[in-house]
Amino acid sequence: MSMSNANFPMDAEGRTYHVGVKRGELANRVLTVGDPARAMVLSRFLDGVDPATPAKTVPTNLFSYSSHRGFLTITGRYKGVPVSIVAIGMGVSMMDFFVRECRAIVDGPMVMIRLGSCGSLSDAAVGDICVPSSSYLVQRNVDYFAPGDAVAKPYHLSRQFEADPEITKVLVKNMTASLGEGHVWSGVNATADSFYSSQGRQDNNFVDKNEDLFDELLAHEPNTQTLEMETFVLYHLAKTSTAAPLKHSALVNIHNNNSIRAGGCMMVFAQRKTNGFITKEDVARIEPLAGKAVFDSLVEVELGSESELHSSVDS
Ligand code: R1P
Ligand code: URA
């Protein structure tokens with residue numbers, strides 16, 4: 001595969017370097033997940049898919065592309081509206097590749113919603129769904145562990161970035177319709193740069209200094225409910241996305257003029273207060289219920305028109 005343009009590499013066909021998508025292959029409305037198997041399960045909801053399609057395969061009537069870096073893109077329609085599903089793997093870098101490379105090859109406004117899994121720090125139980133209205137980042141402060149005088153704290157907790165409020169509202173409504181009252185929670189998410197140290201897991205093989213991390217998270221934001229590994233980057237990049245790529249210098253307030261609207265929801269796989277973990281059977285039951293609610297939300301929210309975005313930049 002040969003690439004050109006070291007600043008934003010693309011191959012001769014116009015495929016991006018990591019996600020591997022090119023113009024025309026991705027819808028403006030995207031559901032993103034971590035696990036490719038989850039993407040395949042959810043692709044069963046797309047129009048025209050044969051219900052007898054074997055598990056862990058992509059329905060043959062849908063467009064799909066598996067990149068050499070592990071991203072899986074599936075594009076079709078839901079209730080007649082073009083949508084894509086992109087499985088990205090895990091971690092903040094993968095979310096960064098996904099948002100930037102998908103934004104680069106799609107024209108006009110985009111809506112991106114993540115359906116992930118998480119640990120719960122609140123009373124949200126295994127199998128419940130959380131729809132965080134904002135997220136902050138938890139980063140291991142490597143300087144703290146360096147030789148010499150200790151600096152500040154072992155973990156850095158960022159300020160919060162918000163999800164699109166309309167998407168959050170629509171997600172809560174559709175998740176409640178799908179899963180039932182009492183199983184859908186609102187709150188704040190913390191995205192961590194490790195499944196282990198910066199999520200407060202104890203590991204005697206390493207010095208992690210994270211025994212008090214949960215207390216610190218709750219002091220930072222009393223409404224902290226979930227811990228996972230990507231959502232902050234999605235919310236942050238949506239809020240810093242620009243409406244008119246060629247006119248950066250004209251932007252006055254990036255937070256009022258974004259080309260990406262983002263939302264997120266997550267299934268509780270780990271209950272960190274009681275130490276419970278979800279069963280395979282419960283994942284198989286909840287994933288489709290949550291997935292359908294995300295598709296319903298993805299097609300319900302307004303995309304907004306490109307001309308609206310551009311005119312607000314120009315004025
Ligand atoms: C860790 O097990 C992974 O699960 C969560 C975390 O964010 C991390 O990616 O989400 P996904 O189930 O979407 O991968
Ligand atoms: N994903 C995470 O990142 N953390 C958990 O505890 C469970 C799922």
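Biologist: How many residues of the shell around ligand 2 are nonpolar, how many polar and how many charged?

Modeller: The model is a predicted one. In it, the shell around ligand 2 has 5 nonpolar, 3 polar and 2 charged residues. Among its members are Cys118, Gly119 and Arg201. Cys counts as nonpolar, Gly as polar and Arg as charged, so these residues fall into separate classes.

Biologist: What makes the approach of glutamine 199 to ligand 2 a polar contact?

Modeller: An N or O atom in the side chain of glutamine 199 is 2.8 Å from a nitrogen atom of ligand 2. The limit for such a pair is 3.5 Å, so the pair qualifies as a polar contact. Arginine 201 qualifies too, because an N or O atom in its side chain is 2.7 Å from an oxygen atom of ligand 2.

Biologist: What is the distance from an oxygen atom of ligand 2 to the polar backbone atom of glycine 119?

Modeller: That distance is 3.5 Å. The definition asks for a pair within 3.5 Å, so glycine 119 sits at the limit itself. As for cover, ligand 2 has 240 Å² of accessible area on its own, and the protein covers 93% of this.

Biologist: Which element gives the largest share of the shell around ligand 2?

Modeller: E7 does, with 3 residues. For ligand 1, strand E7 (residues 110-120) again gives the most to the shell, with 3 residues.

Biologist: Which polar atoms of the protein lie by the oxygen atoms of ligand 1?

Modeller: A polar side-chain atom of arginine 114 lies 2.9 Å from an oxygen atom of ligand 1. Methionine 229 offers a polar backbone atom, also 2.9 Å from a ligand 1 oxygen. In glutamate 230, an N or O atom of the side chain is 2.5 Å from an oxygen atom of ligand 1. Each pair is within 3.5 Å, so each counts as a polar contact. The protein buries 85% of the 340 Å² that ligand 1 exposes when taken alone.

Biologist: How many residues around ligand 1 are charged?

Modeller: The shell holds 4 charged residues, alongside 3 nonpolar and 3 polar ones. Arg38, Arg114, Glu228 and Glu230 belong to that shell, and Arg and Glu count as charged.

Biologist: Why is ligand 1 said to lie between domain 1 and domain 2?

Modeller: Domain 1 (1-107) and domain 2 (114-315) both give residues to its shell, so ligand 1 lies between them. Arg38 is one of the shell residues, as is Arg114. By their numbers, Arg38 falls in domain 1 and Arg114 in domain 2.

Biologist: How many residues of domain 1 are in contact with domain 2?

Modeller: 27 residues of domain 1 contact 26 residues of domain 2. The two domains bury about 2,400 Å² between them, with 71% of it on carbon and sulfur atoms. On the domain 1 side, Arg29, Arg38 and Tyr78 lose the most area to domain 2, together 26% of what that side buries. The C-alpha centres of the two domains are 21 Å apart.

Definitions and conventions. Residues are numbered from 1 along each chain as its sequence is written. Chains are lettered from A and ligands numbered from 1 in the order in which they are written. This is a predicted model: local features need pLDDT of at least 70, side-chain atom pairs count only at pLDDT 80 or more; totals for chains, interfaces and linings use all residues. Side-chain values use heavy atoms; hydrogens and water are left out. A residue is near a molecule or strand if one of its heavy atoms lies within 4 Å of it. A polar contact is a pair of N or O atoms within 3.5 Å; within protein, one must be able to donate a hydrogen and the other to accept it, and residues adjacent in sequence count only if both atoms are side-chain atoms. Accessible areas come from the Shrake-Rupley method with a 1.4 Å probe; for residues, only the protein chains shown count as cover. Helices (H or I, at least four residues) and strands (E, at least two) are DSSP runs, numbered from the N terminus. Domain bounds come from an automatic or database domain assignment. Contact means heavy atoms within 4.5 Å. Buried area is the accessible area (1.4 Å probe) that two parts lose on being put together, summed over both.
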